[in-house]
Structure formats: structure tokens, C-alpha cells
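This report describes the open and enclosed spaces of one protein model, one strand and its partners, and a group of aromatic rings. The sequence and the structure are shown first.

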Amino acid sequence: MSRDHWLTARKELLVREEQLYEDYAALVALRRSLPMVQIDKDYVFDGAYGPASLADLFGGCGQLLVFHLMFDPAWDAACPSCSAFADEFSPGLLAALHARDTAFAAVSRAPLAQLKAGRQWRPEDFPWYSSFGSDFNYDFHVTLDERVTPVMYNFESKEAILTAGSATDLVAGNAPVEVAGLSCFVQDGGRVFHTYSAYDDGVEAIGLAKSLLELTSSGGRARRRGGH
């Protein structure tokens, strides 16, 4: 293809991209206008420096991002995909968030001893807490176990999911199921509020590496040895 043909195609795509940017800006505005829900339950997490409340996870910031990192107590290690996602939260990125009054923490259901025993344990990179023994994972629907609380995934009830015939592998069985998620909180006057949560594609779309690879021609397919 000639450069002129490429330029024509690129300009046509740019029109679509600019519309998408406008739509995304409107989506962000809607996301920020969601109502807030006060957290009344006293969750206790176990971290590298001892027990911590949800308010403690803010580390003095006004906002908090919690990554629900999948690690069932019956597992020997955390979910590989979740671990890869967490790897993107580098000290530089966390510093940039902190400079904007936002803290980041990962929370998993496995006990702290299991988190520390896993090869992913790097408390110097980002705070990682255990919610073992609390209702946190169940209340935010990242541990699906109807023996504890009614199952809901991606804001749909188990009954609605089964009726639609989608994602049945997550809700059809009786064993607890761990799912990934991101939740956002703010604190004001000593009170903590839940503002947003995302699951499924909503989590994947936030990945920095994925976003960058979507700009490339191959989308990040593995390069063949000796290839160009």
C-alpha cells in the first residue's frame, strides 16, 4: 500500500477514534456522577504491618483503588492473570496515583501466610492485604458462594445469569468461585464510601499493557523466532 493510501485510511479511522474519545469522555463523566454508598461494616484486613481497617488502606489519601486479586485459600498461588495485571502497578505508577491523592492496594481472600509464601509477594511494590475471615470478598462479589451471600456476578444475580445461559461456569457449581475486580472508594470526614466497581471486561480494559498493545498491528501476538 502506498503512503497516500495509508494516510487516507488513517484519516478515516481518526474520525471514528475522535468520536470514541468523545463517547469515552461522556462515559467517564457518568462514572464520576454515580451515587456513593457509605460503608458501615468494619472490615479488618491482614497486611505486612499488621491488621488494617478499610480506612487504613487509604494511607492518608482521599481516594482508594482496590484490586481484588484472585487467591483462594485452597490454592498454592495467586491467579497468574491477576498477578500479571498487578505487575503493571509499578512504583512509578503508584507514585503518580499518590500524587493525585489516590492510594492502591490489592486484596485477596487467602490468609496472609499464603500470600507471603507465594512468589508474587512483593510488599515493597504495592500493599497487598488478606481479607481472610471477613465478609469483604463476599460483599463485593469477588468470592461467589451462595452459602455465605446470594451470588451476583457483574451486577447480575445467579438466577438472571442462568436464565440468560451466560457465564454458567461461574455460578452453576456449589464450590466457592474467585473472580477478579476493581473497586473504588473515597473517604470524607472519617467515613468511607464505595463509588465504583468493575468486573470481567471492565477490569481487562484498564490494563496498561493491553491498552498499548491494542495500538499495534498484531495486538501483541507472540513473535516467532527468527521472524521480523
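The text below deals with pockets, then a cavity, then strand pairing, then aromatic contacts and a loop residue. The model is predicted.

## Pockets and cavity

The largest pocket holds about 1,500 Å³ of space. Its lining comprises 37 residues, and those closest to the centre are Tyr24, Val28, Arg31, Ala205 and Ile206. Six elements each supply at least two residues of this lining: the helices H1 (3-32), H3 (91-99) and H9 (208-213), and the strands S4 (63-68), S11 (181-188) and S12 (191-199). Helix H1 gives the most to the lining of the largest pocket, with nine residues. Sorted by class, the lining of the largest pocket has 23 nonpolar, eight polar and six charged residues.

The second largest pocket has a volume of about 340 Å³. It is lined by 17 residues, and Ser81, Cys82, Ala180, Val203 and Glu204 are the closest to its centre. Two or more residues of this lining come from each of helix H2 (80-87) and helix H8 (201-204). Helix H2 gives the most to the lining of the second largest pocket, with four residues. The classes here are eleven nonpolar, two polar and four charged residues.

A search of the whole structure for cavities of 30 Å³ or more finds one. About 60 Å³ of space lies in this largest cavity. The residues that line the cavity are Leu144, Asp145, Glu146, Val151, Lys158, Leu170, Val171, Gly173, Asn174 and Ala175. By class, five residues of the cavity lining are nonpolar, two are polar and three are charged.

The table sets out the volumes and lining classes of these spaces.

| Space | Volume | Nonpolar lining residues | Polar lining residues | Charged lining residues |
|---|---|---|---|---|
| Largest pocket | about 1,500 Å³ | 23 residues | eight residues | six residues |
| Second largest pocket | about 340 Å³ | eleven residues | two residues | four residues |
| Largest cavity | about 60 Å³ | five residues | two residues | three residues |

## Strand S12 and its partners

Strand S12 is among the elements that supply at least two residues to the lining of the largest pocket. How many of the nine residues of S12 are buried? Seven of the nine are buried, so strand S12 is largely enclosed by the rest of the structure.

S12 runs antiparallel to S11, and eight bridges join the two strands. One of the bridge pairs consists of Asp188 and Arg191, the latter in S12. S11 and S12 form a hairpin, with two residues between the strands. In the turn of this hairpin, Gly189 has a positive phi of about 60 degrees.

S12 also pairs with strand S1 (residues 37-38), in the antiparallel sense and over two bridges. Here Gln38 has Phe193 of S12 as its bridge partner.

## Aromatic contacts

The whole structure contains 13 aromatic pairs. One of the pairs is formed by Tyr43 and Phe45, with 6.5 Å centre to centre and 40 degrees between the planes, and this pair is tilted. Tyr43 has a relative accessibility of 6% and counts as buried. Phe45 is buried too, with a relative accessible area of 2%.

How far apart are the ring centres of Phe45 and Phe136? The centres lie 4.9 Å apart and the planes are at 85 degrees, so the pair is edge-to-face, the cut-off for this class being over 60 degrees. Phe45 belongs to strand S2 (residues 44-47) and Phe136 to helix H5 (residues 136-139); the pair links distant parts of the chain, 91 residues apart. Phe136 has a relative accessible area of 0% and is buried.

Tyr43, Phe45 and Phe136 belong to one aromatic cluster together with Tyr129, Phe140 and Phe185.

Another contact involves a charge and a ring: Arg3 lies over the face of Trp6, at 4.4 Å from the ring centre.

## A loop residue

Gly133 is placed in the loop between strand S6 (128-130) and helix H5. Is Gly133 buried or exposed? Gly133 counts as exposed, because its relative accessibility is 78% and the cut-off for exposed is over 50%. The C-alpha atoms of Gly133 and Ala110 are separated by 9.3 Å, and the two residues are 23 residues apart along the chain.

Methods. Residues are numbered from 1 along each chain as its sequence is written. This is a predicted model: local features need pLDDT of at least 70, side-chain atom pairs count only at pLDDT 80 or more; totals for chains, interfaces and linings use all residues. Side-chain values use heavy atoms; hydrogens and water are left out. On a 1 Å grid over the protein atoms alone, a cavity is a set of points where a 1.4 Å probe fits but cannot get out, and a pocket is an open set with protein on both sides within 12 Å along at least five of seven lines; lining residues have an atom within 4 Å of a point. Grid points are joined across faces, edges and corners, and a volume is the space filled by probe spheres set on the points. Ala, Val, Leu, Ile, Met, Phe, Trp, Tyr, Cys and Pro count as nonpolar, Asp, Glu, Lys and Arg as charged, and the others, Gly among them, as polar. Buried means under 20% relative accessible area, exposed over 50%, partly exposed in between (1.4 Å probe, protein chains only). Two strands pair if DSSP finds at least two bridges between them. Rings of Phe, Tyr and Trp (its six-membered ring) pair if their centres lie within 6.5 Å; planes under 30 degrees apart count as stacked, over 60 as edge-to-face and the rest as tilted. A charge sits over a ring if NZ of Lys or CZ of Arg is within 6 Å of the ring centre and within 35 degrees of the ring normal.
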